[in-house]
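The following exercises invite the reader to examine a structure step by step. Each task is followed by a worked solution.

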Amino acid sequence: MNVIKAKDYEELGRKAANVIAAQIIMKPNCVLGLATGSSPISTYKELIARYELGDLDFSGVSTVNLDEYKGLTKDNDQSYYYFMYNNLFKHVNIDLARTNIPDGTEPDSEKECARYNKVIADIGGIDLQLLGLGHNGHIGFNEPDEAFATLTHCVDLQPSTIEANKRFFASADDVPKQAYTMGIQTIMQAKKVLMVVSGADKAPIMKEVLYGPVTPKVPASILQMHPDVTIVADEAALSLCDL
Ligand code: GLP
């Protein structure tokens, strides 16, 4: 894995944006797998700045997002659709018809997962998948488990994930208990993977992901098996790693 160390969260955003910008410039009709959470926000800000400078063109880009809370509508300010629209899509010249996110309002999990798998297959796979990292090693909403889940599925969120995400909701009770997420196989089939990790609270899990055993108990550890992974992490997140 190629690890790029950044001084802080802002520098992390610039360095991660370099990788995504290179992808868009080299292949203007690329498919980007996108992520939510606090980690990629500085990256999205930097991409927007480069678009505003005239250095990036999103008109040919398609996107597939990793996950969405089950039960939230697009206009709910905690939905991942709302996040993507407000943190990236509305600021650049992307065609919204080419953006894809699981539909949190579809109550039939089997139906929605099959639809989303077909979306990803029809689009021809993912050129570059952006990932954050959960404190328990989750990627997307692939929570620690006995086995790696392969394709899009509906997950029961772990108490630690609900706890970590409650800061965005009025209370822990308001955090949805389930989510739709892209599976590990789909993530592993992306041609390139870019993971952004920030903060001292992520240092222990960062160390496990880089040096620990590959195990579904730490879902992101599977990235050790991917042929083209770049991790952009700040000094705090890498503080327990010998780099
Ligand atoms: C969330 C998301 C993940 C994200 C992770 C870390 O639950 N489903 O895709 O990477 O948790 O979030 P953050 O970047 O805010 O620490």
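Is Lys 7 buried or exposed? Lys 7 is exposed, its relative accessible area being 51%. Here buried means under 20% relative accessible area, exposed over 50%, and partly exposed in between, with a 1.4 Å probe and protein chains only.

Before the further exercises, some conventions are needed. The model is predicted, and local features need pLDDT of at least 70, side-chain atom pairs count only at pLDDT 80 or more, and totals for chains, interfaces and linings use all residues. Residues are numbered from 1 along each chain as its sequence is written, and side-chain values use heavy atoms, with hydrogens and water left out.

**Exercise 1. Salt bridges**

Task: State how many salt bridges the whole structure holds, and describe the one that involves Lys 7.

Solution. Step 1: a salt bridge is a side-chain nitrogen of Lys or Arg within 4 Å of a carboxyl oxygen of Asp or Glu. Step 2: a search of the whole structure finds eleven of them. Step 3: Lys 7 pairs with Asp 8, and the closest N and O atoms are 3.6 Å apart. Step 4: Asp 8 is partly exposed, at 28% relative accessibility.

**Exercise 2. Salt bridges within helices**

Task: Determine how Glu 46 and Arg 50 are placed in helix H2, and how Arg 115 and Glu 112 are placed in helix H4.

Solution. Step 1: helices (H or I, at least four residues) and strands (E, at least two) are DSSP runs, numbered from the N terminus. Step 2: helix H2 covers residues 41-52, and in it Glu 46 and Arg 50 are four residues apart, so about one helical turn separates them. Step 3: their side chains form a salt bridge of 3.2 Å, N to O. Step 4: Arg 50 is buried, with 16% relative accessibility.

Step 5: helix H4 covers residues 109-123, where Arg 115 and Glu 112 are three residues apart and therefore separated by about one helical turn. Step 6: Glu 112 is buried, at 3% relative accessibility, whereas Arg 115 is partly exposed, at 36%. Step 7: salt bridges that share partners also join Lys 27, Asp 127 and Lys 191 into one network. Step 8: in the salt bridge of Arg 115 with Glu 112, the closest N and O atoms are 2.8 Å apart.

**Exercise 3. The ligand**

Task: Identify which residues come nearest to the ligand, and which polar side-chain atoms lie close to its atoms.

Solution. Step 1: a residue is near a molecule if one of its heavy atoms lies within 4 Å of it. Step 2: there are 13 residues around the ligand, and Ser 38, Ser 39, Asp 67, Phe 141 and Lys 202 come nearest. Step 3: an N or O atom in the side chain of Asp 67 is 2.9 Å from a nitrogen atom of the ligand. Step 4: an oxygen atom of the ligand lies 3.0 Å from a polar side-chain atom of Asn 165, and for Lys 202 the distance from a polar side-chain atom to a ligand oxygen atom is 2.7 Å. Step 5: the ligand taken alone exposes 390 Å², of which the protein buries 95%; these areas come from the Shrake-Rupley method with a 1.4 Å probe.

**Exercise 4. The loop between S6 and S7**

Task: Describe the surroundings of His 138 and Asn 142.

Solution. Step 1: His 138 is in the loop between strand S6 (128-131) and strand S7 (153-156), and Asn 142 is found in the loop between S6 and S7. Step 2: His 138 is buried, with a relative accessible area of 12%, and Asn 142 is buried, with 3%. Step 3: a polar contact is a pair of N or O atoms within 3.5 Å; within protein, one must be able to donate a hydrogen and the other to accept it, and residues adjacent in sequence count only if both atoms are side-chain atoms. Step 4: the side chain of His 138 makes polar contacts with the side chains of Glu 143 (2.9 Å) and Thr 161 (3.4 Å). Step 5: the side chain of Asn 142 has a polar contact of 3.5 Å with the side chain of His 153. Step 6: a polar atom of the Asn 142 side chain also lies 2.8 Å from the backbone oxygen of Met 182.
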